Amino acid sequence: MQEFPIYVSKISKKFVKTRGSRFKRSREKKTVQALDKVDLQVHKGEIFGLLGPNGAGKTTLVKILTTIVIPDHGIARINGFDVVKESRQARASFGATIGGGERSTYWKMTGLENLIFFGRMYGLNKKEAKKRAIHLLEQMQLTDKATERVENYSTGMKMKVNFARSLISNAPILIFDEPTLGLDPSFARDLRLYIKNVLQKEEGKTILLTTHYMAEADQLSDRVALIDNGKIIDLSTPEQLKLRVKEQEVIKIKTSDSFSYGTLEDISGILEVHHHDDYIRIHTPDSSQIMLSVLEKLKEKDIRIQSIDVETPTLEDAFIQLTGRGLTDSKEEV
Ligand SMILES: Nc1ncnc2c1ncn2[C@@H]1O[C@H](COP(=O)(O)OP(=O)(O)OP(=O)(O)O)[C@@H](O)[C@H]1O
Ligand SMILES: [Mg+2]
């Protein structure tokens with residue numbers, strides 16, 4: 001049987017949370033089902049996105065896959081190795097960054113020393129480790145910081161060196177928990193391109209990544225699992241997920257002259273029209289079917305158009321439709 005590089009079957013995990021200060025009598029314990037019978041399989045060479053709001057269970061799944069947390073039930077295998085029973089072999093098969101994981105490098109050492117150290121730990125000889133470390137620092141645009149201590153790095157630089165650390169062993173499977181969180185938009189973009197073009201396309205890695213940015217999941221993933229409250233609520237390609245959203249397309253037209261709804265009334269295929277100050281939004285199941293008629297009608301009435309945009313459903317729309325709330329609506333109680 002061809003084994004999936006990442007295989008997760010019926011994984012569940014509960015945590016006990018204590019509320020209130022440890023010095024108070026009014027402490028109260030509460031269990032949270034962080035993961036509830038999660039199933040997923042990642043194919044070789046695929047980028048698999050796990051998309052969900054805060055507290056959905058993403059990091060918990062990543063911690064189970066990376067052998068940091070032991071599940072209560074279920075089986076998870078990395079490269080065919082059981083993460084509980086064969087954790088040593090499983091660990092040798094992946095590189096990973098874990099949420100808020102800037103701490104996984106040694107702050108008293110330089111970026112270069114850190115990467116060489118981890119390279120040596122993964123069995124590279126001195127020369128190989130140094131060569132790979134230099135190469136990765138360059139890829140992460142950290143060359144000029146290579147000999148500075150990590151404690152002096154900014155948060156984003158620590159994230160980058162942590163990302164480089166996950167690549168040092170050249171493992172076939174990569175697990176990234178919120179890889180672009182805290183990075184400036186331009187480097188976040190470069191990193192997404194690097195993940196897609198270099199790690200997936202050139203090097204053929206199998207990648208599982210978590211994110212709560214729908215655009216990131218959309219851009220990177222071959223398949224996406226939507227996770228909420230510890231449960232996978234949908235699993236599909238980004239395109240199919242978006243197709244399933246019953247939300248219609250919206251044509252947004254900005255005009256120099258105002259006009260009444262009646263102008264467009266007799267065009268079939270228009271579901272709703274909303275007037276705003278200087279633009280209108282036309283809801284339709286398919287913008288391409290009505291676009292020409294809308295333009296002709298406006299021309300007929302001598303209404304000048306300044307701009308036209310078609311908004312298609314996003315993964316966030318899909319998420320809202322499936323869960324009733326947005327990706328940025330936190331589940332966490334404060
Ligand atoms: N060590 C722990 N002890 C108690 N509860 C925990 C622990 N780790 C996670 N949890 C709880 O489990 C749930 C899932 O948390 P998890 O960190 O997996 O979510 P997440 O999807 O990664 O969220 P985020 O987007 O904020 O990183 C949350 O309710 C969280 O508070
Ligand atoms: Mg997390």
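How many Å separate a polar side-chain atom of Thr59 from an oxygen atom of ligand 1? In this model, which is predicted, the distance between that polar side-chain atom of Thr59 and the ligand oxygen is 2.7 Å, and the surroundings of the ligand make a convenient place to begin.

**Around the ligand**

The shell of ligand 1 consists of 15 residues, and the closest of them are Lys17, Gly55, Lys58, Thr59 and Thr60. By residue class, this shell divides into 6 nonpolar, 5 polar and 4 charged members. Strand E1, strand E2 and helix H1 each contribute at least two residues to the shell, while the table below lists contacts to oxygen atoms of the ligand.

| Residue | Atom on the protein side | Distance to an oxygen atom of ligand 1 |
|---|---|---|
| Asn54 | N or O atom in the side chain | 2.9 Å |
| Ala56 | backbone N or O atom | 3.1 Å |
| Thr59 | polar side-chain atom | 2.7 Å |

Taken on its own, ligand 1 has 640 Å² of accessible area, of which the protein covers 71%.

**The sheet with E1 and E2**

Two of the elements that supply the ligand shell, E1 and E2, also belong to an open sheet of 4 strands, which follow one another in the order E2-E1-E4-E5 with antiparallel pairing. Strand E2, at residues 28–42, and strand E5, at residues 81–82, are the edge strands; each has a single partner strand, and therefore one side of each is left without a neighbour in the sheet. Helix H1, which spans residues 58–65, packs on this sheet and touches E1, E2 and E4, with a direction that makes about 120° with that of E1.

Within the sheet, strand E1 (residues 6–19) and strand E4 (residues 73–78) run antiparallel and are joined by 5 bridges. One example of this pairing is Ile6, whose bridge partner in E4 is Ile78.

**A hairpin of E9 and E10**

Further along the chain, strand E9, covering residues 223–228, runs antiparallel to strand E10, covering residues 231–236, and 5 bridges connect the two. Across this pair, Leu226 of E9 stands opposite Asp234 in E10. The strands form a hairpin with 2 residues between them, and in this hairpin Asn229 takes a positive phi near 50°.

**The sheet of E11 to E14**

Another open sheet of 4 strands has the order E12-E13-E11-E14, again with antiparallel pairing. Its edges are strand E12 (272–275) and strand E14 (305–311), and because each of these has a single partner strand, one side of each remains without a neighbour in the sheet. When direction is ignored, neighbouring strands in this sheet are turned by 15° against each other on average.

Which residue in E14 stands opposite Thr255? The residue in question is Ile305, and the pairing to which it belongs links E14 with strand E11 (residues 249–255) in the antiparallel sense over 6 bridges. On the other side of the strand order, E12 pairs with strand E13 (residues 279–284), also in the antiparallel sense, over 4 bridges. His275 stands opposite Ile280 in E13, and the two strands E12 and E13 form a hairpin that has 3 residues between them.

Terms used. Residues numbered from 1 in each chain as written. Chains lettered and ligands numbered in written order. Predicted model: local features only at pLDDT ≥ 70, side-chain atom pairs only at ≥ 80, totals over all residues. Heavy atoms only, no water. Pairing = 2+ DSSP bridges. Contact = heavy atoms within 4.5 Å. Axes fitted to C-alpha atoms, helices over the stretch in contact; angles between N-to-C directions. Near = heavy atom within 4 Å. Polar contact = N/O pair within 3.5 Å; in protein donor to acceptor, adjacent residues only side chain to side chain. Areas by Shrake-Rupley, 256 points an atom, 1.4 Å probe, with all protein chains shown as cover. Nonpolar A, V, L, I, M, F, W, Y, C, P; charged D, E, K, R; others polar.
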